[in-house]
Amino acid sequence: ATITIDASKPGNPVSPTLHGVFFEEISHGGEGGLYAELIQNRGFEEANIPPGMTLTDGFIVPPRTPHFSMPNNGVSDWKMEWPIKSDYPAWSYKAAGSAALQVSRTAINPLNNATPHSLQVDISNADNNNTASIINEGFWGINVVAGDSYKLNFYVRSNEYNGSITAMLQSEDGSTLASHTFTSANNTNWKRYSATLKANKGDKKATFVLLFNAPGTVWLDHVSLFPSKTFKNRPNGLRQDLAQYIADLKPAFIRWPGGCFVEGITIQSAPDWKQTIGPVEQRTGTYSPWGYWTSNGFGYHEYLQYCEDIGAAALYVFNAGVSCDFRSGTFAPDDSLQPYIQSALDAIEYAIGPVTSKWGKVRAAAGHPKPFPLKYVEIGNEQVGPRYAERYNVFYDAIKSKYPHLETIASMGIGDVNEYTLKGMKHVDYADEHAYKAAGWAMTHFDHFDKYKRGNWDLYVGEYATNAGVGAGNMEASLSDAVYIMSMEKNGDLVKMSSYAPLLVDTNDVDWPVNLINFDNANSFARISYYAIKMLSENRADVNVATDVEITQPAVKKPAFSGGIGLATWDTKTAYKDIEVIRNGKTVYKSDFINDISNWALLRGTWGVKDSALAQTAAGAQQFAMLKDKSFDTYTLKLKGKKLEGYN
Ligand code: AHR
């Protein structure tokens, strides 16, 4: 090959903010992951039904076995169920000898009204030799490291309980790794108990135990255990290895908290940043559309602090009054928008407002009088279409009139920015294009960004990954990702920001096929794509120079976007409307707008289409693929009332 470089003609500069990171509460990325808390369901709130849902709803939960892949590898164990199976998930109990105990969740005499539930433990026939215990399993086990210390805090009230409480870390085989005894627990009012547990031995599958040696009734709440070492030693802090992986990318910004998480599985259950600040005992959890609760321990303040700690700008994505739930209406009514707007303005004020402002004062009281580095806000996640555009304009005006210097990002859905996705938007600072592609796509579409008109808006590739046909991520995926990044660099006059998605996955709870950093409770590793991004970020060019490559090129195999039972293709310009998915003769999904990612996410994860994928081809056509699922005999995909060509 001959490469000719002409440095005398500098071309597009490459954006210094090109590489950021995308955090979402998916696959336990935060709860049980980046957030260092070791106790699952510490506040006994996780049996709650997400606001806006009822027990009869149920929804499709993804398989809990690593690793599935979308859409090529068949997955047969998606199932329709309500994921909450116990009144006190992650907790269990045990009695020894003649002791007996009953355990129930109650909201009587709560520790606080925001998180009203506690665990009531009724103990009988117990003494030093006949004990009763309650046990927390952690997040697929607690990783206890020999020699390390763990900070324990919990709240107790009791009735006629004259015994002691022994807190223990126990190995899988039942031996004690660390323990501390609180000699008195006879208090009718809530009292906080604290101790440091030092482990004499280690076990990756340890459990946390509270042991009782007398009869009586004890109520427990907010049982919290943290490793004494957290990232930068922040209290209520982050897991060191995972936080360091992210810090080592030296991201220009961190996007938080999602993703579909921002939308909520219902509009009522969408995240509310105000419930993620203040004392951790009083933070109501949020139900992630990915099928589990987060305690909100890694809240807005902790997120902003982390941005500051690693020198990244903050990019906060807020709910624009739109959720994943289409049954009660995806959009909150237009006339009830004001609280959403106010919430966004308050969040901004919390981050950067003066200490004399209402929310700046709250930030200062939380120990941070200086403003945080909030630079960007995004209005909703993956919404697109005329109704969203109207809503976007209202938010945009409200934000810009108060904070003209803030960079504002418009969501564009999955796929290319086009006339439709931009239609009706008065001003766009950044358009957020999401790009999940098949292996090799980046090579065959190196000119992808060339087509965009310049001048009106900058591009933020807010979610990208090569995630089809690459298992859980492999060398081919990382080469594709690297080439994709190079095409962004080449178009540096347009593409100013990007973030790979998803960032983190607990391998015990895989909600998405390909992720950047894998972990369990004890181990973590970053995939090759991580190192590709790191290398390109650390060696980011300032400017493009005219380059001519002469090469005898072997034929490049065009990637196939394959589906199991069928693949439908239609033209994006003409056929957006009236999508209907019929399963076993019953309509399971109906929408007038399939390019809306929240609808797509519903199709995939929530509403019964077992595994599907929506992609955009070079020709501007949409492809929709579904895999065969044992529980569904037939699928029909109708578009504008007609059965789609090429689908069965
Ligand atoms: O990154 C996983 C999901 O992909 C995000 O939640 C959503 O925004 C996108 O569709």
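Start at the end of helix α2, where the helix is followed by K250, a residue whose phi is positive, near 45 degrees; helices here are DSSP runs of H or I with at least four residues, strands are DSSP runs of E with at least two, and both are numbered from the N terminus. The model on screen is predicted, and for that reason local features need pLDDT of at least 70 and side-chain atom pairs count only at pLDDT 80 or more, while totals for chains, interfaces and linings use all residues. Residues are numbered from 1 along each chain as its sequence is written.

**The whole chain**

Before zooming in, show the protein chain as a cartoon, in which there are twelve helices and 35 strands. Buried residues make up 50% of its 648 residues, where buried means that 20 or more other C-beta atoms lie within 10 Å of the residue's own, exposed means 12 or fewer, and partly exposed lies in between, with C-beta atoms placed from the backbone. Of the contacts in the protein chain with a separation of 6 or more, 76% are between residues 24 or more positions apart; a contact means that two C-beta atoms, placed from the backbone, lie within 7 Å.

**Around helix α2**

Return to K250 and select it, in the loop between α2 and β16. K250 is not a glycine, although its phi is positive at about 45 degrees, and it counts as partly exposed because 14 other C-beta atoms lie within 10 Å.

Next select helix α2, residues 240-248, and colour its buried residues, which are L242, A243, Y245 and I246. They lie on the same side of α2, because they cover an arc of only 155 degrees around the axis, the arc being that of the directions from the helix axis to the C-beta atoms. The buried residues of α2 pack against several elements, among them β2 (19-22), α1 (30-34), α4 (300-309) and β27 (524-526).

In strand β27, pick F525, which counts as exposed because it has 11 C-beta neighbours inside 10 Å. A distance drawn from the C-alpha of F525 to the C-alpha of D241 spans 9.2 Å, although the two are 284 residues apart in sequence.

On the other side of the helix in sequence, select N233, in the loop between β15 (216-227) and α2. Phi of N233 is near 55 degrees, a positive value in a residue other than glycine, and N233 counts as exposed because it has 9 C-beta neighbours inside 10 Å.

**Helix α4**

Move on to α4, which is mostly covered, with eight of its ten residues buried. Including Y300, H301 and E302, these buried residues also take in Y303, L304, Q305, Y306 and C307. They pack against α2, β16, β19 (313-318), α5 (338-352) and β20. After α4 comes G311, whose phi is positive, near 70 degrees.

**Two cis peptide bonds and the ligand**

Now select the loop between β16 (253-256) and α3 (260-263), where P257 has its place. The peptide bond from W256 to P257 is cis, with omega near 5 degrees. G259 is found in the loop between β16 and α3 as well, and the peptide bond from G258 to G259 is cis, with omega near 10 degrees.

G259 leads to the ligand, since the closest of the 15 residues that surround the ligand are G259, C260, E382, A501 and P502; a residue is counted here if its C-beta atom, placed from the backbone, lies within 6 Å of the molecule. The shell around the ligand divides into eight nonpolar, four polar and three charged residues, where Ala, Val, Leu, Ile, Met, Phe, Trp, Tyr, Cys and Pro count as nonpolar, Asp, Glu, Lys and Arg as charged, and the others, Gly among them, as polar.

**Strand β21 and its partners**

Finish at strand β21, residues 407-414, which is largely enclosed by the rest of the structure because seven of its eight residues are buried. Strand β20 (residues 374-379) runs parallel to β21 and is joined to it by four bridges, pairing being defined by at least two bridges found by DSSP. From β20 the chain crosses through helix α7 (residues 386-402) to β21, and this β-α-β crossover is right-handed: with the strands pointing away from the viewer, the path from the first strand over the helix to the second runs clockwise.

To see the pairing residue by residue, select I409 in β21, the bridge partner of E378. I409 also stands opposite Y430 in β22, and β22 (residues 430-438) pairs with β21 in the parallel sense over four bridges.
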